[in-house]
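Visitor: Please pick one part of this model and walk me through it closely. I'd like to know how that part sits in the chain as a whole.

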Amino acid sequence: MTVRLRPRPGQGPALRRTRVPYVSLALSAVAHGGLIAALLAAAATWGEPPTTYVVNLVPAVAAPGVPEGRPTPVATPRPEP
């Protein structure tokens with residue numbers, strides 16, 4: 001069993017027998033550029049603005065059971081050598 005291959009026609013832009021479709025290429029490039037620009041613009045405007053949270057790390061009242069707090073102990077002086 002022999003498979004015969006048909007010869008390809010000698011046409012196409014690589015063989016310079018037909019013209020390169022510049023208008024279609026330009027239209028496609030403009031359409032893709034517009035689509036990419038629209039996606040970037042949509043991504044830049046998407047979502048809510050960031051929210052700032054203020055966190056207080058110091059308790060507003062003393063610990064339960066000791067409402068007046070404890071006095072700070074006085075450090076004993078170190079003996080000098």
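**A close look at Val58**

Guide: Of the 81 residues in the protein chain, just 1% count as buried, and do keep in mind that this is a predicted model. The chain exposes about 9000 Å², with carbon and sulfur atoms supplying 64% of that. As for secondary structure, you get one helix and zero strands. The helix, α1, covers residues 22–45. At 1.5 Å a residue, its 24 residues should span 34 Å, and the end C-alpha atoms are 35 Å apart, so the two values agree. After α1 comes Gly47, with a positive phi near 90 degrees.

Now for our residue: Val58 lies in the segment after α1. Is Val58 buried or exposed? Its relative accessible area is 58%, and the cut-off for exposed is over 50%, so Val58 counts as exposed. Val58 also has company on the surface: together with Tyr53, Val55 and Leu57, Val58 forms a nonpolar patch. Those four residues add up to about 540 Å² of accessible area.

Methods:
Residues are numbered from 1 along each chain as its sequence is written. This is a predicted model: local features need pLDDT of at least 70, side-chain atom pairs count only at pLDDT 80 or more; totals for chains, interfaces and linings use all residues. Side-chain values use heavy atoms; hydrogens and water are left out. Helices (H or I, at least four residues) and strands (E, at least two) are DSSP runs, numbered from the N terminus. The expected span of a helix is 1.5 Å times one less than its number of residues. Buried means under 20% relative accessible area, exposed over 50%, partly exposed in between (1.4 Å probe, protein chains only). Accessible areas come from the Shrake-Rupley method with a 1.4 Å probe; for residues, only the protein chains shown count as cover. Patches are made of residues with over 30% relative accessible area and no salt bridge: like charges are joined within 9 Å, nonpolar side chains (Val, Leu, Ile, Met, Phe, Trp, Tyr) within 5 Å. A salt bridge is a side-chain nitrogen of Lys or Arg within 4 Å of a carboxyl oxygen of Asp or Glu.
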